[in-house]
Amino acid sequence: MDRASPRNAAGTARDAIPLLRTPHVEQHLPEDRSTAMRASGRAGTPAIGHAALCVAIVILASSCAGPASRPAAPMPAATPSFDGFYEGHLEVTGASGGMNRRDCETDPRFVVEVRDNRFSIVQPHPRVATAASTLRDSTTVVYDATIRPDGTIVGMSSRTNATMEGRVVGVRMSGQIYGLLCYYAFTADRT
């Protein structure tokens with residue numbers, strides 16, 4: 001058998017695929033690519049044209065898709081509203097040194113209207129006011145309070161810097177008032 005013949009009797013895999021011809025050692029290799037393409041039966045232009053067409057399709061397909069969409073930002077949680085009317089009671093829990101606890105007594109009814117999670121308490125001290133008429137205007141304390149989203153109540157009197165604190169849980173409001181001379185606890189339910 002002649003090894004240089006295009007096909008030998010055994011019919012090797014190399015000879016079965018005509019496009020994958022590999023040169024035999026004795027054959028002369030072309031010096032440039034276009035000669036090699038013509039020798040294999042392919043022209044260079046269609047291969048380049050095919051590659052350009054593929055690149056163009058990829059570019060067009062990616063530009064049609066537009067920018068990648070982002071997941072929507074989560075909506076902020078709505079601030080809970082504690083608005084409404086609350087009715088309950090207020091009691092004296094203590095007095096500072098030198099103050100008679102009976103003089104701290106005030107109206108035991110505790111009624112507030114909460115709007116936009118804010119409310120005010122007007123707290124008169126009638127026993128102190130009757131003891132000294134010159135103190136009548138200064139014995140009424142106003143507390144301005146805010147209910148935070150977690151239900152915490154924080155408040156203060158702008159005139160005396162006395163504070164109040166508490167909490168709203170469900171429909172019940174409760175807390176403490178720390179006046180200059182008197183201390184109170186309050187509990188109220190939303191009606």
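In what sense do β7 and β8 pair, and over how many bridges? The pairing is antiparallel, over seven bridges. The views below show this contact and its surroundings in a predicted model, where local features need pLDDT of at least 70, side-chain atom pairs count only at pLDDT 80 or more, and totals for chains, interfaces and linings use all residues. Residues are numbered from 1 along each chain as its sequence is written, and side-chain values use heavy atoms, with hydrogens and water left out.

**View 1. The whole chain holds four helices and eight strands.** Helices (H or I, at least four residues) and strands (E, at least two) are DSSP runs, numbered from the N terminus. Read from the N terminus, the elements run α-α-α-β-β-β-α-β-β-β-β-β. Of the 191 residues, 23% are buried. Buried means under 20% relative accessible area, exposed means over 50%, and partly exposed lies in between (1.4 Å probe, protein chains only). The chain exposes about 13,800 Å², and carbon and sulfur atoms supply 59% of that area. Accessible areas come from the Shrake-Rupley method with a 1.4 Å probe; for residues, only the protein chains shown count as cover. Among contacts with a separation of 6 or more, 42% are between residues 24 or more positions apart. Contact means heavy atoms within 4.5 Å.

**View 2. Eight strands build one open sheet.** Their order is β2-β1-β8-β7-β6-β5-β4-β3, with antiparallel pairing. β2 and β3 stand at the edges with a single partner strand each, so one side of each lacks a neighbour in the sheet. From one strand to the next, the twist averages 25 degrees. For such angles, axes are lines fitted to C-alpha atoms (for helices over the stretch in contact), and angles run from 0 to 180 degrees between N-to-C directions. Two strands pair if DSSP finds at least two bridges between them. Strands of a sheet pair through backbone hydrogen bonds, either parallel or antiparallel.

**View 3. β7 pairs with β6 and with β8.** Seven antiparallel bridges join β6 to β7. Here Met164 has Ile177 of β7 as its bridge partner. The hairpin of β6 and β7 has two residues between the strands, and Gly170 takes a positive phi near 65 degrees. On the other pairing, Gln176 is bridged to Ala185 in β8. Three residues make the hairpin connection from β7 to β8. The covered face of β7 carries Met173, Gly175 and Ile177. Its uncovered face carries Arg172, Ser174, Gln176 and Tyr178.

**View 4. Ile153 sits among the best-connected members of the largest nonpolar core.** A nonpolar core is a set of buried Ala, Val, Leu, Ile, Met, Phe, Trp, Tyr and Cys residues joined through side-chain atoms within 4.5 Å. This core has 24 residues, and Phe119, Ile153, Met164 and Met173 touch the most other members. Elements giving two or more residues to this core are β1, β2, β3 (118-123), β4 (141-147), β6 (163-169), β7 (172-178) and β8. Beyond neighbours within four places in sequence, Ile153 contacts residues including Phe119, Ala145, Met164, Met173 and Phe186.

**View 5. β5 pairs with β6, and a buried serine lies in the loop between these strands.** Five antiparallel bridges join β5 to β6. Thr152 stands opposite Arg167 in β6. Ser157 lies in the loop between β5 (152-156) and β6. Ser157 counts as buried because its relative accessibility is 1%. Leaving aside neighbours within four places in sequence, Ser157 contacts Val141, Val142, Tyr143 and Ala162.

**View 6. One disulfide joins Cys104 to Cys182.** A disulfide is a pair of cysteine sulfur atoms within 2.5 Å. Here the S to S distance is 1.9 Å. The link is left-handed, with -75 degrees about the S-S bond. Distant parts of the chain are linked, 78 residues apart: Cys104 is in the loop between β1 (84-95) and β2 (109-114), and Cys182 is in strand β8 (residues 182-190). Both ends are buried, with Cys104 at 0% relative accessibility and Cys182 at 5%.

**View 7. Thr79 is an exposed residue in the loop between α3 (44-65) and β1.** Its relative accessibility is 55%, so Thr79 counts as exposed. Not counting residues up to four places away in sequence, Thr79 touches Asn117 and Pro149. The C-alpha atoms of Thr79 and Arg148 are separated by 9.0 Å, although these residues are 69 apart along the chain.
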